[in-house]
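Open the model in your viewer and keep the selection box ready. The tour starts with the whole chain, then goes strand by strand.

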Amino acid sequence: MTEPLRLDRDGAVAVLTLTRPERRNCLSDETLAALQDALDAIAADEGVRVLVVAADGPVFSSGHDLRELQSRRGDADGGSAAWRKTFDACAAVMRAIVNLPQPVIAAVEGVATAAGCQLVASCDLAIAGAGARFATPGVNIGLFCSTPGVALARAIAPKHAMEMLLLGEMIDAETALRFGLVNRVTAAGAALPEARRWAEQIAGKPRAVIRSGKAVFRRQAPLALADAYALASGAMTENLGEPAAAEGLGAFLEKRPPVW
């Protein structure tokens, strides 16, 4: 069997690709462990400025390996310990994406369902090919997509999230764009090149500014309004004192390109 993922590096941009199309790029326990290891390595790599997440084949990711989950019903506890371990591992991967110092862009072609949709929702940005489709269909098989719902609730409006979770229907790329699940829809097959273009553009910005900006954005989101502004004001004050801001503002006022 092939390895569950591939990590490629092109300068400051890394591309993490799910590589088991024959298994619909499901997030098996093995794949989740490999994703966690890769994300940990990327977080520690100062040379990587942006991460793109993509997949081989016609399915971006079908979510958890249902056969793997079903096979644990014969365990002494009926499968509870194994299932909790799987969901905790998946949650850790999603948190690692959210907390990764580098911005993460999903390049989605084909179908992203259940935890695969959760993966897209957890990324900072998402670009979808015109044929991409998304769903949290667990309700159709008696398994409400509660953990994907955590990511959806933080990425799109609550009523849109509940529509996906309660109906379990596929939505197309344009609907995902309207919901705010993806940022842009490209021609079919063009999601990865567009994600790379965005990644290169972001990688050209000051690294420290992008990293601190992502961290502050994520930290302020759940705070009360006054606390969020206090955090953001402190961050901007600190940012203004950094060399990147001194050079950037100076270049702007002097009408010249900045030298980072």
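Of the contacts in the chain with a separation of 6 or more, what percentage joins residues 24 or more positions apart? The figure is 66%. Bear in mind that this is a predicted model.

**Stop 1: the whole chain**

Show the cartoon. The secondary structure comes to 11 helices and 10 strands. The radius of gyration is 19 Å, close to the 18 Å that the globule rule gives for 260 residues, so the chain is as compact as a globular protein of that length. Turn the C-alpha trace along its principal axes: the spans are about 70 × 40 × 35 Å.

Now switch on the surface. Its accessible area comes to about 13,300 Å², and 59% of that belongs to carbon and sulfur atoms. Of the 260 residues, 43% are buried.

**Stop 2: the sheet**

Hide the surface and select the strands of the open sheet. There are six, in the order E1-E2-E3-E5-E7-E10. The pairing is mixed. Strand E1 (5-10) and strand E10 (184-186) are the edge strands, each pairing on one side only. From one strand to the next, the twist averages 20 degrees.

**Stop 3: the E1-E2 hairpin**

Zoom in on E1 and E2. Their pairing is antiparallel, over six bridges. Select Asp10 and you will find its bridge partner in E2, Val13. Then pick Arg9, which stands opposite Ala14 in E2. Two residues lie between the strands of this hairpin. Click on Gly11: this residue takes a positive phi near 65 degrees.

**Stop 4: strand E2 and its other neighbour**

Select residues 13-18, strand E2. Is this strand largely enclosed or largely open? Six of its six residues are buried, so E2 is largely enclosed by the rest of the structure.

Show the side chains. In a regular strand they alternate between the two faces of the sheet. Here Val13, Val15 and Thr17 point one way from E2. Ala14, Leu16 and Leu18 point the other way. All of these are buried.

Add strand E3, residues 50-55. E2 and E3 pair in the parallel sense, over six bridges. Two residue pairs are worth labelling. Thr17 stands opposite Ala54 in E3. Leu18 has Ala55 of E3 as its bridge partner.

**Stop 5: helix H1**

Select residues 29-43, helix H1. H1 lies across E1, E2 and E3. Its direction is at about 20 degrees to E1.

**Stop 6: helix H8**

Move on to residues 191-203, helix H8. Put a distance label between the end C-alpha atoms: they are 18 Å apart. At 1.5 Å a residue, the 13 residues of H8 should span 18 Å, which agrees.

Which residues of H8 are buried? They are Ala191, Glu194, Ala195, Trp198, Ala199, Ile202 and Ala203. Show them as spheres, then bring back their surroundings. The cover over these buried residues includes E2, E3 and E10. Strand E5 (104-108), strand E7 (125-129) and helix H9 (207-220) are also part of that cover.

Notes: Residues numbered from 1 in each chain as written. Predicted model: local features only at pLDDT ≥ 70, side-chain atom pairs only at ≥ 80, totals over all residues. Heavy atoms only, no water. Pairing = 2+ DSSP bridges. Helix = DSSP H or I, 4+ residues; strand = E, 2+ residues; numbered from the N terminus. Axes fitted to C-alpha atoms, helices over the stretch in contact; angles between N-to-C directions. Contact = heavy atoms within 4.5 Å. Expected span 1.5 Å × (residues − 1). Buried < 20%, exposed > 50% of the residue type's maximum accessible area, 1.4 Å probe, protein only. Rg over C-alpha atoms; globule rule 2.2 N^0.38 Å. Areas by Shrake-Rupley, 256 points an atom, 1.4 Å probe, with all protein chains shown as cover.
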